[in-house]
Amino acid sequence: MKARDTMFIGFTLFALFFGAGNLIYPVTLGIESGTSYLPAIIGFVLTGVGLPIITVAAISLVRNGAVQLAGRVHPMFGLLFTAMVYLVIGPFFAIPRAANVAFETGIAPFTHTKSLALLLFTVLFFIIVYWLSRNPSKLVDRVGQILTPTLFLAILGLVLGSFFMLEGTIQPAEEKYQAQPFFTGFVEGYLTMDAIASLAFGIIVVSSFRERGVTDPKALTIRTLKAGIVTAIGLTSVYVTIGWIGAKMATEGSYDNGSAILAGAARLMFGDLGTILLGIIVGLACLTTCIGLTVACGQFFSKHIPGLSYNHVIMVVTLISFGISNIGLNQIIAYSVPVLVFVYPITIVLVALTFMSRLFNHSPYVYRGAVFFTALIGLYDGLVAFGADMSSVEPLVSQLPLFELNLSWIFPAIFGGFIGLLIQQFKGQPRHKERFQNS
């Protein structure tokens, strides 16, 4: 295997990650954090770049991808949790969001009949997604060697223009970024969905290396990390520069969402040509992500649901995504946040336990305890984000360390893991210990 293969797989992983959330959230962070931009973007990069790459590396350590990783809690939990993750990053949230962002930045500025234009755009968009997803074996060639370099060049044009043509001044941080900008940026990184998307994309990367003859577990992990470094450099560079565009747009008007901020910046710099350039960037970014997510969903559900073919799954995924796409971007973002607030901490805990698993002999009791208590706090946070009245339990939850930083799940996760460790010592290692010896 050649070094260029690792680089192209890194390019592919970059393109799969780099979709709607990777565009709209950094620029929103920039405009809201203002003078606190630096600590805010550092926190954002940790969850938006660091966690996804670590998760991909964790997937390379297990033979059966996310199902085995989550299955260390319980086999049924592994299957159900992974299925929920695929639905979240697939037809219910991430794919419709990506299609909407592509429309908002590339098509909406040129049309007055928005609902009809969105309908026609999503019809064409998802026909292309379905067609390009039918042959997943060509994914690396199509994305890594063709679409990603084009995407890089388009982004470079927009970023260079922002340094020389945007004259806005940096404003004081908005309230949410004034007290703890680093931790606020850290939590905002959840919204990219990349850490949970890594549970799906990780197996695509690992499969790509295996198809190229890399079968030794240690070599596979090293190759995966090298590809991850390529991806991390690309994502970090884009986040920092796009976020800076947002910071300089604070004095140029008011905007409903990140798509509108980017569209306004492109128009200020290059006029209608800028809108077209941005449309190319967003269209390619969202298209590659949607293809990767559709392929991942097709491979997962066709494998775990008897009698369901890969082509049937990707057809259903594109149809559901098409339907949800037409409810609009702001609505999709609003109902996705509570789910992400619940799922993300569980994902982080599972990945952390995967790297520490040998320290406690892969005990499922440790996994169960840590995940159970994490899920309890995640459920509370998700219900609060949904708008539910949680005043009856808030006085209790608010006493947890890091509550004000939206990281109150950390100490319950540690406590749950410790309880699991005590149970392991009391009961002894379960009979199904062998399930965990191959990682």
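Disulfides are absent from this predicted model: the structure holds zero of them. Cysteine 290 takes part in no disulfide, its nearest cysteine sulfur being that of cysteine 286, 6.4 Å away. Because a disulfide requires two cysteine sulfur atoms within 2.5 Å, that separation does not qualify. Cysteine 297 is likewise in no disulfide, and the nearest cysteine sulfur, belonging to cysteine 290, lies 11 Å away. As for solvent exposure, cysteine 290 counts as buried, at 0% relative accessibility. Cysteine 297 is also buried, with a relative accessible area of 0%.

The pockets may be considered next. Rolling a probe the size of a water molecule over the atoms shows where empty space is left. The largest pocket has a volume of about 660 Å³. Its lining comprises 23 residues, and Val187, Val341, Glu404, Leu405 and Asn406 lie nearest the centre. Helix H9 (181-188), helix H15 (329-356) and helix H16 (364-386) each contribute at least two residues to this lining. By residue class, the lining of the largest pocket divides into 14 nonpolar, four polar and five charged residues.

The second largest pocket holds about 400 Å³ of space and is lined by 20 residues. Nearest its centre are Val349, Ala352, Leu353, Met356 and Ile414. Two or more lining residues come from each of helix H3 (37-59), H15, H16 and helix H18 (410-427). H15 supplies the largest share of this lining, seven residues. In the second largest pocket the lining consists of 19 nonpolar residues and one polar residue, with no charged residue, whereas five charged residues occur in the lining of the largest pocket.

How values were computed: Residues are numbered from 1 along each chain as its sequence is written. This is a predicted model: local features need pLDDT of at least 70, side-chain atom pairs count only at pLDDT 80 or more; totals for chains, interfaces and linings use all residues. Side-chain values use heavy atoms; hydrogens and water are left out. Buried means under 20% relative accessible area, exposed over 50%, partly exposed in between (1.4 Å probe, protein chains only). On a 1 Å grid over the protein atoms alone, a cavity is a set of points where a 1.4 Å probe fits but cannot get out, and a pocket is an open set with protein on both sides within 12 Å along at least five of seven lines; lining residues have an atom within 4 Å of a point. Grid points are joined across faces, edges and corners, and a volume is the space filled by probe spheres set on the points. Helices (H or I, at least four residues) and strands (E, at least two) are DSSP runs, numbered from the N terminus. Ala, Val, Leu, Ile, Met, Phe, Trp, Tyr, Cys and Pro count as nonpolar, Asp, Glu, Lys and Arg as charged, and the others, Gly among them, as polar.
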